[in-house]
Amino acid sequence: MWYQILVFVLFCLAIIDLTVGVSNDAANFLNSAIGSKVASFKTILIIASIGVLAGAVSSEGMMEVARKGIFVPSFFTFDNIMLVFVAVMLTDIILLDFYNSIGLPTSTTVSIVFELLGAGFIIGLLYSYQQGMEVEFAEFINFSTATKIISGIFLSVLVAFSSGALVQFITRLLFTFNLKEGLRRYGAVFGGIAITAITYFLVIKGLKGASFISADIRTFIGENTLTILGISAVVWTILTFIMQRVLALNPLKFIVLAGTFSLAMAFAGNDLVNFIGVTVAGWQSLEAWSASGMAPDLFFMDILGDKAKAPLFMLLGAGVIMVITLWTSKKARNVSQTEVKLARQGDGDERFNSNALSR
C-alpha cells in the first residue's frame, strides 16, 4: 500500500511539473511570434496549443531517457528506484519554479538529465556501501549513454547558434532595406524552402516516435524522403506565391506561425519526457514489482531496460494540462517577456540590470 501511495504522489508531482515546465519552456516557442507581432496573442496561443497536442501524442519514443538513459536499472532494487524517482520529481519542480519566479528561461532537459544523474549516483553509492560492495560507478551509471545525451545537449546549442546565424544572414541579405521588392522577387521561393524545412522536421523526424504511426508508414517515409521533400518544396512554393500575389498576404508571417506550430510540437514531443517520463517509469515499476510477489528490496528493476510504451491516454492528458497551463500561467508570460525584451531593437527597461559591482 505504501508504494501505491508513492506512485500516486508521483502522478501529482507530474501534474505540478507539467505546469512549471511549460511555464518555463513557453518562451522557447512563443517568443518569435510574440516579438514579431505576426498575429494576435490569442491566435499565436491557438496555433501553439494545437502543436503541443500533436507533439504530446508523438513523444512515446523519448521515454527511454528516464528509464535507462542515465543509470543502469538492473543495479537498483524497487525500493531504491522509487527513491530516485521521487527525489528527481521534487527537485525538478523546485528548480523550475525558482527560475519561473525570476523570469529566467532554463533547459528542462538539462535539469532532468542531471537530476537523474545525481539521484542515481547517490542512491547507487549508498546501496554499494550498504551491501559492502566495491564501488564501481559503471555498474550503476550508464556513462556511455549519459555522455551522449549531455554532449548532444551542448552540441545542440552550437548547432542552433550556427544555423540561426546562417539563416538570419541569408534572410537579411534578401530582404533588408528593400523589403517590398525583396518579397516580390524571393518571397515565394524563400517561403517554399522554409516551410519545406519545417515539414521535414514535422513529418520525417517528428512522427517517427508516434505510437499511432505504423511500421509500414515509417518505412515508406524513410524510403521516399527525397521525393516527399521535392514535392513539398514545389507545393509550398506555389501556395506561397498564391498567398502573396493573389491574397496579398506577407509570406514571412505565415513562416513564423508555421515555425511556432513546429516548435510547439517539437517541444511537446521532446520535453514531455522531462515532465512525465519519471512518473510513467515509476508506475510501470510498481506494476512489475506487484506481479513479481517479491520483497521490494530484492526485486531488481531489469524491466526498465525494455522499450518503454506510455499509454496514449497519459500522453493526451499531459498534453491537455500543458495547453491549459499555456493559456493561464502568468509565469509563462513573465519568462516570455524576458526573451522578447532581450531581442528588442529599441531602448527600454532591462529586466536584469547590472549590479553595483559590475558597474
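# Exercises on an all-helix predicted model

The protein exposes about 18700 Å², and carbon and sulfur atoms supply 69% of this area (Shrake-Rupley method, 1.4 Å probe; for residues, only the protein chains shown count as cover). This is a predicted model, in which local features need pLDDT of at least 70 and side-chain atom pairs count only at pLDDT 80 or more, while totals for chains, interfaces and linings use all residues. Residues are numbered from 1 along each chain as its sequence is written, and side-chain values use heavy atoms, with hydrogens and water left out.

**Exercise 1.** State how many helices and strands the protein has, and what share of its residues count as buried.

*Solution.* Step 1: the secondary structure comes to 13 helices and zero strands (DSSP runs numbered from the N terminus; helices are H or I with at least four residues, strands E with at least two). Step 2: of the 359 residues, 42% count as buried (under 20% relative accessible area; exposed is over 50%, partly exposed in between; 1.4 Å probe, protein chains only).

**Exercise 2.** Classify the ring pair Tyr3 and Trp289 and locate its two members.

*Solution.* Step 1: the structure holds 10 aromatic pairs (rings of Phe, Tyr and Trp, the last by its six-membered ring, with centres within 6.5 Å; planes under 30 degrees apart are stacked, over 60 edge-to-face, the rest tilted). Step 2: the centres of Tyr3 and Trp289 lie 5.3 Å apart with planes at 65°, so this pair is edge-to-face. Step 3: Tyr3 sits in helix α1 (residues 2-36) and Trp289 in helix α11 (residues 251-292), 286 residues apart. Step 4: Tyr3 is buried at 15% relative accessible area, and Trp289 is buried at 15%.

**Exercise 3.** Classify the pair Phe71 and Phe85, and name the cluster that ring pairs build with them.

*Solution.* Step 1: with centres 6.5 Å apart and planes at 45°, the pair is tilted. Step 2: Phe71 is buried at 1% and Phe85 at 0%. Step 3: ring pairs join Phe71, Phe75, Phe76, Phe85 and Tyr127 into a cluster.

**Exercise 4.** Give the number of residues in the largest nonpolar core and the residues that Met82 touches.

*Solution.* Step 1: this core has 68 residues, and those with the most contacts inside it include Phe71, Met82 and Phe85 (a nonpolar core is a set of buried Ala, Val, Leu, Ile, Met, Phe, Trp, Tyr and Cys residues joined through side-chain atoms within 4.5 Å). Step 2: Met82 touches Tyr3, Leu6, Val7, Leu10 and Gly282, leaving aside residues up to four places away in sequence (contact: heavy atoms within 4.5 Å).
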